[in-house]
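Hi,

Here is the structure I promised to send over. Have a look first, and my notes follow below.

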Amino acid sequence: MRPAPAIVAGFGIVGRAAVEALEARGFGVTVIERNEDVVARQPEGPRRFLVGSACDARTLREAGLPDAAYLVLTMPDEADAVRAAEVANAIKPRCWIVARTNYVSQGLLARQNGADAVVVEEVATAEAIAKLVGDHADAAG
């Protein structure tokens with residue numbers, strides 16, 4: 001049995017990583033991207049691209065949200081991620097939604113608006129810096 005489709009909103013570095021992870025696990029992926037030039041540069045392949053916004057219910061439906069298992073919100077505008085989580089949750093409450101935000105406060109808001117998981121950039125950066133500093137200090141003795 002093939003997995004249900006997945007949707008990734010945003011096709012920058014974060015979005016590409018999400019697409020690769022999903023495709024490696026056998027998911028068919030639809031990418032929603034606002035930048036028409038990014039979409040126009042994509043080669044023909046198994047993934048589908050839509051120009052639009054994940055904040056728009058019609059775009060989410062066209063991307064296949066009613067049948068999707070995953071919605072990954074990787075766009076850099078955290079207000080859009082919060083809004084997209086809310087819109088998507090209203091369409092399909094059982095779709096697993098992960099959102100990218102810059103700050104903890106917006107991460108909490110994304111969770112309140114339907115995201116099942118959130119990656120907060122300031123927390124990820126803090127953890128990475130603490131590890132680098134700690135590893136260097138340990139090695140320096």
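A word on terms before the notes: I call a residue buried under 20% relative accessible area, exposed over 50%, and partly exposed in between (1.4 Å probe, protein chains only). This is a predicted model, so bear in mind that local features need pLDDT of at least 70 and side-chain atom pairs count only at pLDDT 80 or more, while totals for chains, interfaces and linings use all residues. Residues are numbered from 1 along each chain as its sequence is written, and side-chain values use heavy atoms, with hydrogens and water left out.

Let me start with Met75. At 12% relative accessibility, Met75 counts as buried. Met75 sits in the loop between strand 4 (70-73) and helix 4 (78-91); helices (H or I, at least four residues) and strands (E, at least two) are DSSP runs, numbered from the N terminus. With neighbours within four places in sequence set aside, Met75 is in contact (heavy atoms within 4.5 Å) with Ala9, Ala54, Asp80, Ala81, Ala84 and Arg100.

Now the sheet. There is an open sheet of 6 strands in the order 3-2-1-4-5-6, with parallel pairing; two strands pair if DSSP finds at least two bridges between them. Strand 3 and strand 6 (117-120) stand at the edges with a single partner strand each, so one side of each has no neighbour in the sheet. On average, neighbouring strands are turned by 15° against each other, direction ignored.

Strand 2 (residues 29-33) is mostly covered, with 5 of its 5 residues buried. Val29, Val31 and Glu33 point one way, Thr30 and Ile32 the other. In a regular strand the side chains alternate between the two faces of the sheet. On one side, 4 bridges join strand 2 to strand 1 (residues 6-9) in parallel, and Val8 stands opposite Val31. Strand 2 also pairs with strand 3 (residues 48-51), again parallel and over 4 bridges; here Val31 stands opposite Phe49.

At the other end of the order, strand 5 (residues 96-101) and strand 6 run parallel and are joined by 4 bridges, with Thr101 opposite Val120. Helix 5 (residues 104-112) packs on the sheet, touching strand 5 and strand 6, and its direction makes about 165° with that of strand 6. Axes are lines fitted to C-alpha atoms, for helices over the stretch in contact, and angles run from 0 to 180 degrees between N-to-C directions. Helix 4 lies across strand 4 and strand 5, running at about 165° to strand 5.

Cheers
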